[in-house]
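Here are my notes on the model you sent, set out as numbered points. They cover burial, salt bridges, the sheet with its helices, and a surface patch.

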Amino acid sequence: MLAIWYDRQGPAEQVLRFGDLPAPEPGAGEVRVRVTRSGINPGDTKKRRGWLGSSMPFPRVIPHSDGAGVVDKVGAGVDSARIGERVWVFGAQSYRAFGTAAQFTVVPAGQAVALPETVGDGVGACLGIPGITAHRAVFGDGPVRGGTVLVHGVLGGVGTLAAQLATWGGATVIGTVRKSADAETAHHRGIAQVIALDGPDPACEIRDHAPGGIDRIVEVAFADNVDLDAAVAKNNTVIAAYGTGESRPSFPFWPMLFDNITIRLLGSDDFPAEVKQQAATDLTAAAADGALSIAVDEPVPLDQAARAHDLVDRGTRTRILLAVPD
C-alpha cells in the first residue's frame, strides 16, 4: 500500500516519507478500512515533531488518528456484513503505530463508525479527535438543554464542533474569537452571539448575553482566559479545558471556590472507552441531522503530506485533510 511514515521525529519535510509498505491485516475484533480521507490534527504534528519532549512510541509511525473510508476486510469475530460499509475512523494512531495516512488502516471494530449516506467522507474524517473532545467538553457533566455554553476559540477545530453540538443539545451558545476582525467569519458559520476578546470589556458583553451566568465553558486557552471565565461563571459552572498557553497556569482560587466551579481537564486519547463510544454515536447522529458544518480545505494529495503538516503547524481556520488515492 502507499503510505506516509516517519522513523524519527523532526520537521515534516525532513522526516515524513512516502512510498510502499505492506498492507496491514485485521486481527480478532478488528476491521481494515480502505482510507479515502485522512484527517490531520495538531496532536498529529506534535507527535511527529516531539512536542514536550515526547519520543518515538514505535520504531515506525504512520501518522493521523482520524479518517474516513470503506471497510474492506474484517477479523475474527466481526460480522462480514460490514465489508463495503462506509465509515469514519477515530483513534487509529492512539497507542497504535499505524494511522490513517495510508491506503489501509486497521482499527478495533468499534472505532470504525458507520457513516450516514448524507454525510461526506470529508466531514467524517474531521470528527475524531476534535469531535470527541468537543463532545466531552459539552456533555461531560450532563445535558446542556436550557443552559448557556461559552465556547472559546469558536473558529477552531474543537470549538466549531463544540458550539454546534451544544446547539444540537438545546443550549444557548456564546462564542469567542481572539480578534474583532474574526467575528464576521464566526457569524457566517452560524454562531449568532460572538464576543471578540480584544474588545474593551468582553466579560461585560458576555454577561449582557447571559445575565444569569454561564453553565459550561469550553476552554482552549485556560491560562489566558481563566480570569474572564471566573468573571462570567456562576455557582456550579464547569470549565472544560483542552488547551493552555502556559504549562503551570494560576487562577483566582477564592472567587472560583465560592462559585463551586469545576475545572475539567480533557486529554482525548485517554477518555474512557464508553465515553468515546457515546461521543461517536452522538456525533454521527448530529451529522445525520445536518447539525454539523465543518470548513474543509481542498484535500492535499497523500504524497504532499509534509506540506499539509506545515499548514496545520502554521494554524488554519479550516480543516486539512489528505486525499488518499485508490
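1. A residue is called buried here when its relative accessible area is under 20%, exposed when that area is over 50%, and partly exposed in between. Arg34 has 15% relative accessibility and therefore counts as buried. The model is a predicted one.

2. Arg34 forms a salt bridge with Asp326, and their closest N and O atoms are 3.6 Å apart. Arg34 belongs to strand S3 (residues 30-40) and Asp326 to the segment after strand S15 (320-323), so the pair ties together parts that are 292 residues apart in sequence. Unlike Arg34, which is buried, Asp326 is exposed, at 85% relative accessibility.

3. Over the whole structure, the search finds 14 salt bridges. One of them joins the side chains of Glu85 and Arg82 at 2.7 Å, N to O. Glu85 is partly exposed at 23%, while Arg82, at 17%, counts as buried.

4. A further salt bridge links the side chains of Asp141 and Arg264 at 2.8 Å, N to O. Asp141 sits in the loop between helix H4 (129-139) and S8, and Arg264 in strand S13, so this pair connects parts 123 residues apart in sequence. Asp141 is partly exposed, with 33% relative accessibility. Salt bridges with shared partners also join Glu25, Arg32, Asp72 and Lys73 into one network.

5. How are the strands of the open sheet ordered? The six strands follow the order S10-S9-S8-S11-S12-S13, with parallel pairing. Strand S10 (193-196) and strand S13 (262-265) are the edges, each pairing on one side only. On average, neighbouring strands are turned by 20° against each other, direction ignored.

6. Two pairings in detail. S8 and S9 are joined in the parallel sense by four bridges, with Thr148 partnered by Thr172 in S9. Strand S11 (residues 214-219) and strand S12 (residues 233-241) share five bridges; Arg216 has Val238 in S12 as its bridge partner.

7. Helix H5 (residues 157-168) packs on the sheet and touches strand S8 (148-151), strand S9 (172-177) and S11, its direction making about 170° with that of S8. Helix H7 (residues 202-209) lies across S8, S9, S10 and S11, at about 165° to S10. S9 has five of its six residues buried, so the rest of the structure largely encloses this strand.

8. A nonpolar surface patch covers about 750 Å², and its residues include Phe251, Trp254 and Ile263. Helix H9 (253-258) and S13 each give two or more residues to this patch, and H9 supplies the largest share, four residues. Trp254 lies in H9 and is exposed at 54% relative accessibility.

Note on methods:
Residues numbered from 1 in each chain as written. Predicted model: local features only at pLDDT ≥ 70, side-chain atom pairs only at ≥ 80, totals over all residues. Heavy atoms only, no water. Pairing = 2+ DSSP bridges. Axes fitted to C-alpha atoms, helices over the stretch in contact; angles between N-to-C directions. Contact = heavy atoms within 4.5 Å. Patch = residues over 30% accessible without salt bridge, like charges linked within 9 Å, V, L, I, M, F, W, Y side chains within 5 Å. Areas by Shrake-Rupley, 256 points an atom, 1.4 Å probe, with all protein chains shown as cover. Salt bridge = Lys/Arg side-chain N within 4 Å of Asp/Glu carboxyl O. Buried < 20%, exposed > 50% of the residue type's maximum accessible area, 1.4 Å probe, protein only.
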